[in-house]
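Trainee: Hey, have you got a minute to go through a structure with me? I'd like to learn how to read it.

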Amino acid sequence: MPKGPTGWTNPLRDPRDKRLPRIAGPSSLVIFGVTGDLARKKLMPAIYDLANRGLLPPSFALIGFGRRDWTDEDFAGVVHDAVREHTRTGFREEVWERLAEGFRFVQGTFDDDDSFDRLRDTLARLDVERGTDGNHAFYLSIPPNAFPTVCEQLDRSGLAKVEGDSWRRVVIEKPFGHDLQSAKELNAIVNSVFPESSVFRIDHYLGKETVQNILALRFANQLFDPLWSSHYVDHVQITMAEDIGLGGRAGYYDGIGAARDVIQNHLLQLMALVAMEEPISFEPKQLQAEKIKVLSATSNILPIAENTARGQYGPGWQGSQKVPGLIDEEGFDPDSTTETFAAIALEVDSRRWAGVPFYLRTGKRLGRRVTEIALVFKRAPHLPFDKTMTEELSQNALVIRVQPDEGITMRFGSKVPASSMEVRDVNMDFSYGTAFTEASPEAYERLILDVLLGEPSLFPVNEEVELSWEILDPVLEHWASEGRPDEYESGTWGPASAEKMLARTGRAWRRP
């Protein structure tokens with residue numbers, strides 16, 4: 001029988017059958033920032049959905065830490081309401097009752113020693129009462145400037161200390177620093193308390209089924225491997241577009257911007273998965289090593305002024321609704337130079353990708369909500385057709401749709417049914433929703449389960465974080481000297497400078 005880190009036997013899991021579900025062993029999850037939107041909309045429902053799928057053990061416990069004057073019952077009520085509203089798998093009373101038996105709440109502040117001493121005592125009691133066996137994960141769903149204080153408190157109180165075969169892990173939400181220097185300082189603080197193998201930096205995009213399918217698409221299909229290089233690929237576009245504005249997040253967002261918020265983590269990670277070589281195995285160290293090679297070989301295409309673009313959304317129309325511009329958003333400084341649209345051009349100095357530009361863009365108040373990766377192929381070197389036969393034919397493309405309609409599209413030319421020869425673009429489409437009967441788990445379900453299992457394949461290590469900042473810092477430094485970003489109309493696809501950025505090379509952005 002397979003054994004957990006403390007000798008616990010999982011009778012449902014045969015290690016010879018990789019198809020069976022991965023079930024966590026005895027453990028608890030402590031959430032700092034438990035009153036925030038992330039905890040309410042994502043973390044609490046994900047924990048319940050894991051339990052509802054039978055992937056959490058009876059000995060699991062959930063502990064909330066916050067300033068509210070709540071009892072354990074009050075906390076359970078908050079979790080109950082969040083689960084009822086946001087569960088993916090449907091609410092079952094018997095599952096809820098079993099899960100809620102392990103709920104505890106510790107009132108306190110991050111700078112209060114007594115609060116962390118009470119948390120330590122609470123976890124010690126859970127080890128006895130619930131059988132959590134000293135296995136505890138600490139989820140820091142808090143502002144980055146609070147990370148050092150919480151890490152120091154976990155160290156001082158002995159909560160980070162491992163005894164025997166038990167484990168302690170820390171989960172950190174982005175953004176991880178605001179530039180290379182701050183990321184290094186933060187890494188040093190965290191690693192002084194937790195070894196790197198116990199640090200899980202959450203990038204929820206890496207938990208999405210479609211993102212993980214990049215690996216399956218590339219390495220399980222001989223069909224695509226010969227095409228996946230500069231011999232056939234003209235360029236790659238990675239887009240994360242949102243159709244919403246800042247709303248109530250204006251105060252948080254000012255000073256961060258689209259590049260720090262999305263490109264430094266989500267989009268560079270997606271690029272690394274697209275560009276990496278085949279790993280020896282999917283063991284965490286092997287997968288991370290290949291991503292590090294890509295990021296180490298990545299640099300900005302120069303000059304930066306011509307190969308980047310940024311903007312702030314102005315008033316416009318989002319569908320049939322008229323929406324205000326950024327400077328009219330409540331709580332936003334009208335003189336701010338923080339961008340809501342960012343685009344950069346990168347190159348990967350490797351044999352596979354030499355000469356292939358990677359275009360990364362993200363923005364708010366764009367045409368629609370979509371995240372996709374598009375490999376746009378070179379044109380055929382010779383077309384034995386008259387120009388009129390192919391005047392509507394564009395370049396072939398392989399498009400991986402990450403959200404919202406998860407799937408893969410291939411675009412190629414086909415003859416139009418008629419007596420004459422006319423070639424037009426057609427799409428061949430694969431959709432997760434129609435190909436599989438199983439619903440895809442929410443990203444946080446996969447990532448939280450991986451934390452409890454100690455499987456860090458989908459979590460960036462500190463070297464990846466620092467390399468990402470090395471790529472982005474020169475762009476941010478250039479933009480800091482440029483004054484205000486260009487304005488673009490809400491509901492469009494960004495500023496004119498973004499179109500010019502690709503037009504200089506004879507290319508154009510896709511319209512997802």
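Mentor: Sure, let's go through the domains, a helix, some salt bridges and the core, and keep in mind that this is a predicted model.

Trainee: Cool. What domains does the assignment of the chain give?

Mentor: The assignment gives domain 1, residues 27-173, and domain 2, residues 206-504. Their centres, taken over C-alpha atoms, are 34 Å apart.

Trainee: And how many residues of each are in contact?

Mentor: On the domain 1 side 21 residues are in contact with 12 residues of domain 2. Together the two domains bury about 1300 Å², and 69% of that is on carbon and sulfur atoms. Leu50, Arg88 and Arg169 supply 34% of the area that domain 1 buries against domain 2, more than any other three residues.

Trainee: How many salt bridges are there across that interface?

Mentor: The rule finds 3 across the interface of domain 1 and domain 2. Elsewhere on our list, Arg88 comes up again: its side chain meets that of Glu445 in a salt bridge, at 2.7 Å from N to O.

Trainee: Remind me, why would two side chains pair like that?

Mentor: Side chains with opposite charges can pair when their charged atoms come close.

Trainee: Got it. How many salt bridges are found in the whole structure?

Mentor: The search finds 25. A good one to start with is Arg120 with Asp117, where N and O are 3.4 Å apart. Both residues lie in helix α4, residues 113-129, and they are 3 residues apart, about one turn of the helix.

Trainee: Are those two buried or exposed?

Mentor: Asp117 counts as buried because its relative accessibility is 19%, and the cut-off for buried is under 20%. Arg120, at 33%, counts as partly exposed.

Trainee: Let's stay on α4. What span should it have, and what does the model give?

Mentor: With 17 residues at 1.5 Å a residue, α4 should span 24 Å. Its end C-alpha atoms are 24 Å apart, so the two agree.

Trainee: Wait, 17 times 1.5 isn't 24. Why?

Mentor: The expected span uses one less than the number of residues, so you multiply 1.5 Å by that instead.

Trainee: Ah, okay. Which residues of α4 are buried?

Mentor: Ser115, Phe116, Asp117, Leu119, Thr122, Leu123 and Leu126. The buried residues of α4 pack against strands β1, β2, β3 and β4, and against helix α5. Just after α4, Gly131 takes a positive phi of about 75°.

Trainee: New topic: what about salt bridges between distant parts of the chain?

Mentor: Take Glu277 and Arg352, whose side chains meet at 2.8 Å, N to O. This pair links distant parts of the chain, 75 residues apart: Glu277 is in the loop between α9 and α10, and Arg352 is in the loop between β11 and β12. Arg352 is buried, with a relative accessible area of 18%, whereas Glu277 is partly exposed at 34%.

Trainee: Got another one?

Mentor: Yes, Arg401 forms a salt bridge with Asp429, with the closest N and O atoms 2.6 Å apart. Here the link runs from strand β14 to strand β16, between residues 28 apart along the chain. Arg401 counts as buried at 13% relative accessibility, while Asp429 counts as partly exposed at 49%. There's also a network: salt bridges that share partners join Asp113, Asp117, Arg120, Asp121 and Arg156.

Trainee: Which residues does Thr409 touch?

Mentor: Leaving out residues up to four places away in sequence, Thr409 touches Ala397, Leu398, Val399, Arg401, Asn427, Met428 and Asp429. Thr409 lies in strand β15 and is buried, with a relative accessible area of 12%.

Trainee: Last one. Which residues of the largest nonpolar core touch the most other members?

Mentor: Of its 147 residues, those are Phe32, Leu119, Phe358, Leu360 and Ile373. The largest share of this core, 12 residues, comes from α9. Domain 1 and domain 2 each give the core at least three residues.

Trainee: What does Phe358 touch?

Mentor: Not counting residues up to four places away in sequence, its contacts include Val236, Met271, Val274, Ala275, Ile344 and Trp353.

Definitions and conventions
Residues numbered from 1 in each chain as written. Predicted model: local features only at pLDDT ≥ 70, side-chain atom pairs only at ≥ 80, totals over all residues. Heavy atoms only, no water. Salt bridge = Lys/Arg side-chain N within 4 Å of Asp/Glu carboxyl O. Helix = DSSP H or I, 4+ residues; strand = E, 2+ residues; numbered from the N terminus. Buried < 20%, exposed > 50% of the residue type's maximum accessible area, 1.4 Å probe, protein only. Core = buried A, V, L, I, M, F, W, Y, C linked by side-chain atoms within 4.5 Å. Domains from an automatic or database assignment. Contact = heavy atoms within 4.5 Å. Buried area = accessible area lost by both parts, 1.4 Å probe.
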